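Visitor: I should like a close look at a single part of this structure, namely its second pocket by size, and then an account of how the rest of the chain is arranged. Please begin with the residues that form the wall of that pocket.

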Amino acid sequence: MTSESNPTRTSALSAQALDRFSREVAKYPADQKQSAVMACLAIVQEEQGYVSAESEKLVAAYLGMAPIAVHEVTTFYNMYNQQPVGKYKINVCTNLPCQLREGTKALAYLEQKLGVTMGGTTADGLFTLQQSECLGACADSPVMLVNDLHMCSFMSNDKLDQLIDGLKSAEAK
């Protein structure tokens, strides 16, 4: 597809990202290409670090969707960052079962340790602290998800210290 026939070819997304979009869309019947929305948003986030409103519009145009429909997906799932985040995004579950098992205390401890409030990013850009809804591990509370990939369970203050200190020391190397 040439840039003249594809309105989404702009400097906002690389040619590689658009090629990856095309591969994702090819997995679905032509009349169901909107099914690739989550994969396309993940590609945008991987390339840019977050999904901007402009990127949502590009994904919508590429998939033939209303921009609000793409925005609804972006805002529904914790895995999509709507603004730049630190190198390590820590989502702490604060849903009711986790609240009852020290989830909010773990969040408060991390706020104090990192010197940021929930939703904030440390001055060095290393950590962003967020709360999240159920991570599906209520019996392991307090639980958190680091960079949308690594689940951490039974997070006592000592384990929180080890996690943060370990990530900081990895950066120092």
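Guide: In this predicted model, the lining of the second largest pocket divides into nine polar residues, three nonpolar ones and no charged ones. The residues concerned are Thr74, Thr75, Phe76, Tyr77, Asn78, Tyr80, Asn81, Gln82, Gln83, Asn91, Gln130 and Gln131. Helix H4 (67–76) and strand S2 (127–132) are the elements that give two or more residues to this lining. Of the elements, H4 gives the most, with three residues. The volume of the second largest pocket is about 190 Å³.

The largest pocket may be described in the same terms. It holds about 220 Å³ of space. Its lining consists of 13 residues, and those nearest the centre of the largest pocket are Gln45, Gly49, Asn81, Asn147 and Asp148. Asn81 thus appears in this lining and also in that of the second largest pocket. Helix H2 (residues 37–48) supplies the largest share of the lining of the largest pocket, three residues. By class, the lining of the largest pocket has four nonpolar, five polar and four charged residues, whereas the lining of the second largest pocket has no charged residue.

One residue near the centre of the largest pocket, Asn147, also merits attention for its backbone. Phi of asparagine 147 is near 55°, which is a positive value in a residue other than glycine. Asparagine 147 is located in the loop between S3 and strand S4 (150–152). The loop that precedes S3, between S2 and strand S3 (144–146), contains proline 142. The peptide bond leading from serine 141 to proline 142 is cis, and its omega is near -5°. S2, at one end of that loop, is also a contributor to the lining of the second largest pocket.

These elements belong to a chain with seven helices and four strands. Read from the N terminus, the order of elements is α-α-α-α-β-α-α-β-β-β-α. The C-alpha trace of the protein chain spans about 55 × 35 × 25 Å along its principal axes.

The helix packing can be followed from H2, the helix that gives three residues to the lining of the largest pocket. The axes of H2 and H3 come within 10 Å and cross at roughly 140°. That angle makes H2 oblique to H3. The crossing of this pair is right-handed. On the H2 side, Val37, Cys40, Leu41, Val44 and Gln48 take part, and they meet Ser55, Val59 and Leu63 of H3. The residues of this contact comprise six nonpolar, two polar and no charged.

H3 also packs with H1. The axes of helix H1 (residues 15–25) and helix H3 (residues 53–63) come within 12 Å, with a crossing of roughly 45°. H1 and H3 are therefore oblique to each other. H1 passes H3 in a right-handed crossing. Leu18, Phe21, Ser22 and Val25 of H1 make the contact with Val59, Tyr62 and Leu63 of H3. The contact of H1 with H3 has six nonpolar residues, one polar residue and no charged residue. Val59 and Leu63 of H3 take part in the contact with H1 and in the contact with H2.

A further helix pair lies later in the sequence. Helix H6 (residues 103–114) and helix H7 (residues 157–172) pack at an angle of about 40°, and their axes are 11 Å apart. H6 and H7 are therefore oblique to each other, and their crossing is right-handed. From H6, the residues Ala106, Tyr109, Leu110, Lys113 and Leu114 meet Asn157, Leu160, Asp161, Ile164 and Asp165 of H7. The contact of H6 with H7 divides into six nonpolar, one polar and three charged residues, whereas no charged residue takes part in the contact of H2 with H3.

Conventions: Residues are numbered from 1 along each chain as its sequence is written. This is a predicted model: local features need pLDDT of at least 70, side-chain atom pairs count only at pLDDT 80 or more; totals for chains, interfaces and linings use all residues. Side-chain values use heavy atoms; hydrogens and water are left out. Axes are lines fitted to C-alpha atoms, for helices over the stretch in contact, and angles run from 0 to 180 degrees between N-to-C directions. Angles under 35 degrees count as roughly parallel, over 145 as roughly antiparallel, 65 to 115 as roughly perpendicular and the rest as oblique. A crossing is left-handed if the near helix is turned anticlockwise from the far one by less than a right angle, and right-handed if clockwise. Contact means heavy atoms within 4.5 Å. Ala, Val, Leu, Ile, Met, Phe, Trp, Tyr, Cys and Pro count as nonpolar, Asp, Glu, Lys and Arg as charged, and the others, Gly among them, as polar. On a 1 Å grid over the protein atoms alone, a cavity is a set of points where a 1.4 Å probe fits but cannot get out, and a pocket is an open set with protein on both sides within 12 Å along at least five of seven lines; lining residues have an atom within 4 Å of a point. Grid points are joined across faces, edges and corners, and a volume is the space filled by probe spheres set on the points.
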